[in-house]
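This report describes the fold, the surface and selected residues of one protein chain. The sequence and the structure are shown first.

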Amino acid sequence: MAKSRILLVGCGGIGTVAALNLEAGNRAEVTCVLRSNHAAVLQKGFAIESCDHGSVAHWRPTQVLDAVPSHPSPPFDYIVCCTKNIPDAPPSLCDLIAPAVAPGQTSIVLIQNGVNIERPFIARFPDNLVLSGVSRTDAHEITPGTIQHKQPDSLDVGAFPHPSIPLARQENVAREFVRIYSAGGKTNCRYDGHVALSRWQKLVYNACLNPICALTGLDTGTLQLDRQSMETLVRPAMREVIQVAAALGHRLPEDVIETTIASNPVEKRISPSMLVDLRKGNLIEHENLLGEVVREADAIGIQTPTLTMLYNLCCAVQLRTKQSRGLISI
């Protein structure tokens, strides 16, 4: 059986674990596009400490590039996007991957956070299927090429509804990606027939614990030890996400707040992605995690005071980061 050709953009923690899983089953040849870690990986490969794969030294995917290839031949079967989703900072991801997208042939897989992230891709690439990847793991790049993977990999994959592609094909392509990703036996990857519901359910974490930890500088374990923070910030924000999701037709499980909190054990002291990004001086992905929730709520007349406050604070923090990095001048 011929191996699937996969281009993976964004080899930080999540992306490197994804590339490792895709190649582990011997059903894919993965080309990774690296930026800040390109020189380190080219020289000595990735050094990975993984709860799923153990210690992996000097690992490289099939090919390592420093830019997206233009009009590859043969074309890629999948382009997997694991970059941070930051629409308020150019270039857009659509622009970045466009040279490698073969119309009608390449499926685009968004292993990214947030809601409504598929819209610009479906608009830009109307003949290409766009898949959703909801990742639930804890993996970070500690130094260039050094990956720490502390929470077992869990990935839900399904197709974002596409107006011009038959439903049967959408499901078949998504299920085939699940088979490729799962073939190595070191991950829990499932087909997801309810993409929107899964994304809103993850927002109970990502629109709440993620920004609150970033804004306070506290990990999830430390935050849980403070009752006032949990009762006046975390739980109210979670209830607002549930309310907006329900109004849009996505009824989340009744125990979603408790299970979300329990999935971040106090003793593990997990640092969410926004907190890690701020510590590194990087931009944060608040627009698709918080901004879209607030905008959806505004559109249907639902008040979200806690989420709105968190969103506006994140906007101010983003402004500070852009200024410090010379991206804007005020």
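What share of the contacts in the chain with a separation of 6 or more do residues 24 or more positions apart account for? Such residues account for 71% of these contacts, a contact being heavy atoms within 4.5 Å.

The model is predicted, so that local features need pLDDT of at least 70 and side-chain atom pairs count only at pLDDT 80 or more, whereas totals for chains, interfaces and linings use all residues. Residues are numbered from 1 along each chain as its sequence is written, and side-chain values use heavy atoms, with hydrogens and water left out.

**Overall form**

The chain contains 13 helices and 12 strands; these are DSSP runs numbered from the N terminus, with helices (H or I) of at least four residues and strands (E) of at least two. Its C-alpha trace spans about 55 × 45 × 45 Å along the principal axes. The radius of gyration is 19 Å, which agrees with the value near 20 Å for a compact globule of 330 residues. That radius is taken over C-alpha atoms, and the globule rule is 2.2 Å times the number of residues to the power 0.38.

**Surface and charge**

Of the 330 residues, 55% are buried. Buried means under 20% relative accessible area, exposed over 50%, and partly exposed in between (1.4 Å probe, protein chains only). The chain exposes about 14,500 Å², of which carbon and sulfur atoms supply 52%; the areas come from the Shrake-Rupley method with a 1.4 Å probe. The mean positions of the 30 positive and 31 negative charges lie 3 Å apart. Lys and Arg count as positive and Asp and Glu as negative, without His and the chain ends, and each charge is placed at NZ of Lys, CZ of Arg, CG of Asp or CD of Glu.

**Cysteines**

The structure holds 0 disulfides, a disulfide being a pair of cysteine sulfur atoms within 2.5 Å. For two of the cysteines, the closest cysteine sulfur is too far for a bond.

| Cysteine | Closest cysteine sulfur | Relative accessible area |
|---|---|---|
| Cys51 | Cys189, 15 Å | 39%, partly exposed |
| Cys208 | Cys213, 11 Å | 0%, buried |

**Thr260**

Thr260 is found in helix α10 (residues 256-262) and is buried, with a relative accessible area of 9%. Leaving aside neighbours within four places in sequence, Thr260 is in contact with Val204, Tyr205 and Met238. Thr260 and Tyr205 are 55 residues apart in sequence, yet 6.4 Å apart in space, C-alpha to C-alpha.
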